[in-house]
Amino acid sequence: MLTIKSFTFNPYQENTYLLYNESGNAIIIDPGMYGEHEQQEVVSFVADNKLQPKLLLNTHCHIDHVLGNSFVYERYGLLPQFHEGEVPILVAVQNYAPQMGIRYDISPIGETFLNDGDTIYLENDELEVILAPGHSPAHICFYSVHQKFLIGGDVLFRNSIGRTDLPGGNHQQLLDSIKSKLYTLPDDTVVYPGHGPSTTIGFEKNSNPFIRQ
């Protein structure tokens, strides 16, 4: 059984997620901590709850979702895992971060890439990898079949959808991903997005003004 802890970090108000089980083993998803204060917030939570981070995952590699990758690697020795199609997006961050006035410690590139349909294991807990491009070229989500939740990154938000005007974005592809990959999940699936409050698949199917089933 996974417990989900969320943090809201960096100037983009990005949601960073820490998933952990009864054994104290943890997965860090989309570490967006920016600066020493936000880094310490995660370190303190990990220490206070006697957690052992085992995996570092990225839904995609836009700047706001990878700002903490380097710190997590240095602190816990974890290389990020994401879809190989996001490598050019990650590499580009180091070029545009200075133009945006953002200090960026370059993220390492992992040795393991994730693909659609892969299963991620944390002892007895499982997360299924769902490829849902459109916001970025190879955006993935992490779905718990048993607990009915989705770590959705920037695909689907409460009453909104991910922007598609960033490099690698494609509006129609995003709509298709939501319809075919997310709206086919059970209605009571809780969506934990990359920004803003959580929602459910059923709520969005009935009320999201950008896309209806």
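Hi everyone, let me start with one residue: Phe7 is buried, with a relative accessible area of 4%. Before I go on, please keep in mind that this is a predicted model.

So what surrounds Phe7? Lys5 lies over the face of the Phe7 ring, at 5.2 Å from the ring centre. Phe7 also belongs to one aromatic cluster together with Phe9, Tyr20 and Phe45.

Let's stay with aromatics for a moment. A pair of aromatic rings is described by two things, the distance of the centres and the angle of the planes. How many aromatic pairs turn up in a search of the whole structure? The search finds six. One of them is Phe7 with Phe45: the ring centres are 5.8 Å apart and the planes stand at 90 degrees, so we call this pair edge-to-face. Phe7 sits in strand 1, residues 3-9, while Phe45 sits in helix 1, residues 36-48, so the pair ties together parts that are 38 residues apart in sequence. And is Phe45 buried or exposed? At 16% relative accessibility, Phe45 counts as buried, because the cut-off for buried is under 20%.

Another edge-to-face pair is Phe82 with Phe113, at 5.9 Å from centre to centre and with 65 degrees between the planes. This pair, too, links distant parts of the chain. Phe82 is in the loop between strand 5 (80-81) and helix 4 (87-96), and Phe113 is in the loop between helix 4 and strand 6, 31 residues apart. If you click on the two residues, look at their surroundings: Phe82 is buried at 0% relative accessibility, whereas Phe113 is partly exposed, with a relative accessible area of 26%.

One last ring before we move on. The charged end of Arg158 sits over the ring of Phe203, 4.3 Å from the ring centre.

Now to the charged pairs. Side chains of opposite charge can pair when their charged atoms come close. Searching the whole structure gives five salt bridges, and I'll walk you through some of them.

Arg103 forms a salt bridge with Asp105, with the closest N and O atoms 3.1 Å apart. Arg103 is partly exposed at 49% relative accessible area, and Asp105 is partly exposed at 37%.

Next, which residue does Asp116 form a salt bridge with? The partner is Lys181, and here the closest N and O atoms are 3.7 Å apart. Asp116 lies in the loop between helix 4 and strand 6, and Lys181 lies in helix 5, residues 171-182, so to speak a link between distant parts of the chain, 65 residues apart. Asp116 counts as partly exposed at 43% relative accessibility, and Lys181 is partly exposed at 26%.

My last salt bridge joins the side chains of Asp187 and Lys205, at 2.8 Å from N to O. Asp187 is in the loop between helix 5 and strand 12 (190-193), and Lys205 is in helix 6, residues 201-207, so this pair ties together parts that are 18 residues apart in sequence. Asp187 is partly exposed, at 44% relative accessibility.

Let me finish with a sheet. There is an open sheet of six strands in the order 6-7-8-9-12-13, with mixed pairing. Which are the edge strands? They are strand 6 (119-122) and strand 13 (199-200), each of which pairs on one side only. Further in, strand 7, residues 125-131, runs antiparallel to strand 8, residues 140-144, and four bridges join the two. On that stretch, Ile130 stands opposite Cys141 in strand 8.

Thanks for listening!

How values were computed
Residues are numbered from 1 along each chain as its sequence is written. This is a predicted model: local features need pLDDT of at least 70, side-chain atom pairs count only at pLDDT 80 or more; totals for chains, interfaces and linings use all residues. Side-chain values use heavy atoms; hydrogens and water are left out. Two strands pair if DSSP finds at least two bridges between them. Rings of Phe, Tyr and Trp (its six-membered ring) pair if their centres lie within 6.5 Å; planes under 30 degrees apart count as stacked, over 60 as edge-to-face and the rest as tilted. Buried means under 20% relative accessible area, exposed over 50%, partly exposed in between (1.4 Å probe, protein chains only). A charge sits over a ring if NZ of Lys or CZ of Arg is within 6 Å of the ring centre and within 35 degrees of the ring normal. A salt bridge is a side-chain nitrogen of Lys or Arg within 4 Å of a carboxyl oxygen of Asp or Glu.
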